[in-house]
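Want to get to know a new protein model by working through it yourself? Grab a pencil and try each task before you read its solution.

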Amino acid sequence: MMMVHPGLPSVWAAALCVFMLALSAYILLANTVSGRPAKTISLANIPVLGAFVRALTGTPVILLFLKITVVCLFVLVIAAGLSGSQIPERNIATVLTWNIWWAGLIISVFFLGSAWCAICPWDAIATWLVRRRLWRRAHPNNSLNLRVSRRLRSVWPALVLFIVLTWFELGVGVTSSPYMTALLALAMVLMATASLAVFEGKAFCRYFCPVGRTIGFYSQLAPVELRPVNTDICAGCKTLECYYGSETVDPCPTHLVMGRLKQNTYCTSCGNCARSCPDNNVAWRLRAPSREAIEDARPHWDEAWFMLGLLALTEFHGISMAPFFEAWLLSLAALVNDSGKLLWSFSILLLSGMLAVVLAYAFFVRLTQKICPGRSEFKKLFSGFVFVSLPLAFSYHLAHNLSHLFRESSGFGALLLNPFGLGAQPLSMMEKHSRHQDILFSQDFLFASQAALLAFGFWISLKVIQHRGYVLAGAAGLRLSPMIMFAITITGLHVWLLMQPMMMRF
């Protein structure tokens, strides 16, 4: 018997619909765009906290300790997956990876931006194997240092790998197999190591890693950023240690110059720039969580497609865990004469879901082009308005993951006592029912949090539409109605998905 989580109550759905309509009406009737200057607070200048922030970014000891801790957990996941029990709910490999890490990772971006990339075990192990140093710069760096091909210097490889990862996760069923989870973890380390050994910098982090690129794009909405303390110092800098590194510190792994940095997308929060800067002029600072996606981020064609893919794949995760998905899958399999594991049918649904999101977005962009003065180029509008998909995807991703994290983290403490699941039996119906009822916080708090997240995402999406509509096409008020309809349509779909019962992973 498959246990399911209850969906969002209709009263919350109704409240969200009223909120969307009221806010949309306000934006449609407004003919101006607010131009308030961006406000930031440097954490390095805050008493007491500033000393810790500077220590965190200025010395490698704390970061190294966190890396070693995460790598130890990663090795435990691999060992448990390869040699432990293959009952997914009794093995720490599947529970820690899919119930805790994958669910909590997106939530961490909401508070810490791309901080996970700084302690990523894939990159840490690859660096130690190739560079043969724990933290100091290696001379030579034991890499062929080849430049990445022009065709690969984009996020297209990361998008392809993201689709493949989703296919393995939801189609092949990696999430329910400790052994396959361990193999996937090893494959990611192998790709990171091979990339570091062949290419200059950390090409895997910038161009190939689907998790890192997801974090990078979502980090445009994060309330923290690694930036100069004094921009005048960066403007007068001639040596660019933040880019080239120093005698003891590696250069920026993703080829960023701190003085010109405007967005978090490719920053891995490694702290190399802070440690190499001779003026100690790099530190963390707080900012408005939406400013970058609304105004600062620059539109690029490949990035536009990744953001749309991120929106589509996030929604597909929710659809695939709804009870009706199995009926859809079986109906399609009967139609195309698919048998066995139904991978062809699953692949068709996956690609159809992605295509539907792209076509819907393109349709509303085309409508905007038709009614806007000057008729801006379609490609320019397509890549410029696409930032609206970020808050829509992020808010739903957070709301969906909250349900997993709140409802499926019970029993993890007992699992730590027997991480390999040796001698354990599958969950009994009594245990399943107990875990189904015993959630981390109250159910009402969960529902309120999910509704608040969707409302936040919709509000930010309208701010993106309002600002970028004015910048791209000189549009305001009613001329923004097509893109506002896109935001309403997508958010409505997310509300409906959250209202559906959701199957537990295990």
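What follows is a set of exercises on this predicted model, each with a worked solution.

**Exercise 1. Find the domains and say what lies between them.**

Task: Which stretches make up domain 1 and domain 2, and how many salt bridges are counted between them?

Solution:
- Step 1. Start with the assignment: domain 1 takes 1–32, 299–417 and 435–506, and domain 2 takes 42–289.
- Step 2. Now go for the distance: the C-alpha centres of the two domains are 26 Å apart. Domain 1 brings 40 residues to the contact and domain 2 brings 41.
- Step 3. Next, the area: about 3800 Å² is buried between domain 1 and domain 2, and carbon and sulfur atoms give 77% of that.
- Step 4. Count the pairs. There are 0 salt bridges between domain 1 and domain 2, but 7 residue pairs are in polar contact.
- Step 5. Look at who does the touching on the domain 1 side. H15, H17, H19, H20 and H22 each supply at least two residues, and H15 gives the most, with 13 residues. By class, this side of domain 1 has 26 nonpolar, 9 polar and 5 charged residues.

**Exercise 2. Work through the salt bridges.**

Task: How many salt bridges does a search of the whole structure find, and how far apart along the chain are Asp-123 and Lys-202?

Solution:
- Step 1. The search of the whole structure turns up 7 salt bridges.
- Step 2. Take Asp-123 and Lys-202: their closest N and O atoms are 3.0 Å apart. Asp-123 sits in helix H6 and Lys-202 in the loop between H8 and H9, so the pair links distant parts of the chain, 79 residues apart.- Step 3. Check the burial cut-off, which is under 20% relative accessible area. Asp-123 has 11% and counts as buried, and Lys-202 is buried as well, with 19%.
- Step 4. Move on to Glu-225 and Arg-287, whose side chains meet in a salt bridge of 2.9 Å, N to O. Glu-225 is in strand S3 and Arg-287 in strand S4, 62 residues apart. Both Glu-225 and Arg-287 are buried.
- Step 5. Try a pair within one helix. Arg-291 and Glu-295 meet in a salt bridge of 2.4 Å, N to O. They are separated by about one helical turn because they are 4 residues apart in helix H14. Arg-291 is buried at 18% relative accessible area, while Glu-295 is partly exposed at 28%.
- Step 6. Finish with the network: Glu-225, Arg-227, Arg-285, Arg-287 and Glu-292 are joined by salt bridges that share partners.

**Exercise 3. Spot the unusual backbone.**

Task: Where is the cis peptide bond that ends at Pro-140, and what is phi of Asn-142 and of Asn-280?

Solution:
- Step 1. Keep the background in mind: most residues other than glycine have a negative phi, and most peptide bonds are trans.
- Step 2. The cis bond runs from His-139 to Pro-140, with omega near -5°. Pro-140 lies in the loop between helix H6 and helix H7.
- Step 3. Stay in the loop between H6 and H7, where Asn-142 is also found. Phi of Asn-142 is positive, near 60°, and Asn-142 is partly exposed at 36%.
- Step 4. Jump to the loop between helix H13 and strand S4, where Asn-280 lies. Its phi is positive too, near 50°, and Asn-280 is partly exposed at 41%.

**Exercise 4. Follow the start of helix H8.**

Task: Is Ser-177 buried or exposed, and which backbone atom does its side chain reach?

Solution:
- Step 1. Ser-177 lies in the loop between H7 and H8. With 14% relative accessibility, Ser-177 counts as buried.
- Step 2. The side chain of Ser-177 reaches the backbone nitrogen of Met-180 at 3.1 Å. Leaving aside neighbours within four places in sequence, Ser-177 is in contact with Gln-86 and Thr-94.
- Step 3. Met-180 itself belongs to helix H8 and is partly exposed, at 28%. Beyond its neighbours within four places in sequence, Met-180 is in contact with Val-172 and Val-174.

**Exercise 5. Compare a loop residue with a buried helix.**

Task: Which residues does Asn-45 contact beyond its neighbours within four places in sequence, and what covers the buried residues of H18?

Solution:
- Step 1. Asn-45 is in the loop between strand S2 and helix H2, and counts as exposed at 55%.
- Step 2. Apart from those neighbours, Asn-45 is in contact with Arg-54 and Val-229. The C-alpha atoms of Asn-45 and Val-229 are 8.9 Å apart, with their places 184 residues apart along the chain.
- Step 3. In helix H18, Leu-381, Phe-382, Ser-383, Gly-384 and Phe-385 are buried. Their cover includes H15, H17, H22 and H23.

Key
Residues are numbered from 1 along each chain as its sequence is written. This is a predicted model: local features need pLDDT of at least 70, side-chain atom pairs count only at pLDDT 80 or more; totals for chains, interfaces and linings use all residues. Side-chain values use heavy atoms; hydrogens and water are left out. Buried means under 20% relative accessible area, exposed over 50%, partly exposed in between (1.4 Å probe, protein chains only). Contact means heavy atoms within 4.5 Å. Domain bounds come from an automatic or database domain assignment. Buried area is the accessible area (1.4 Å probe) that two parts lose on being put together, summed over both. A salt bridge is a side-chain nitrogen of Lys or Arg within 4 Å of a carboxyl oxygen of Asp or Glu. A polar contact is a pair of N or O atoms within 3.5 Å; within protein, one must be able to donate a hydrogen and the other to accept it, and residues adjacent in sequence count only if both atoms are side-chain atoms. Ala, Val, Leu, Ile, Met, Phe, Trp, Tyr, Cys and Pro count as nonpolar, Asp, Glu, Lys and Arg as charged, and the others, Gly among them, as polar.
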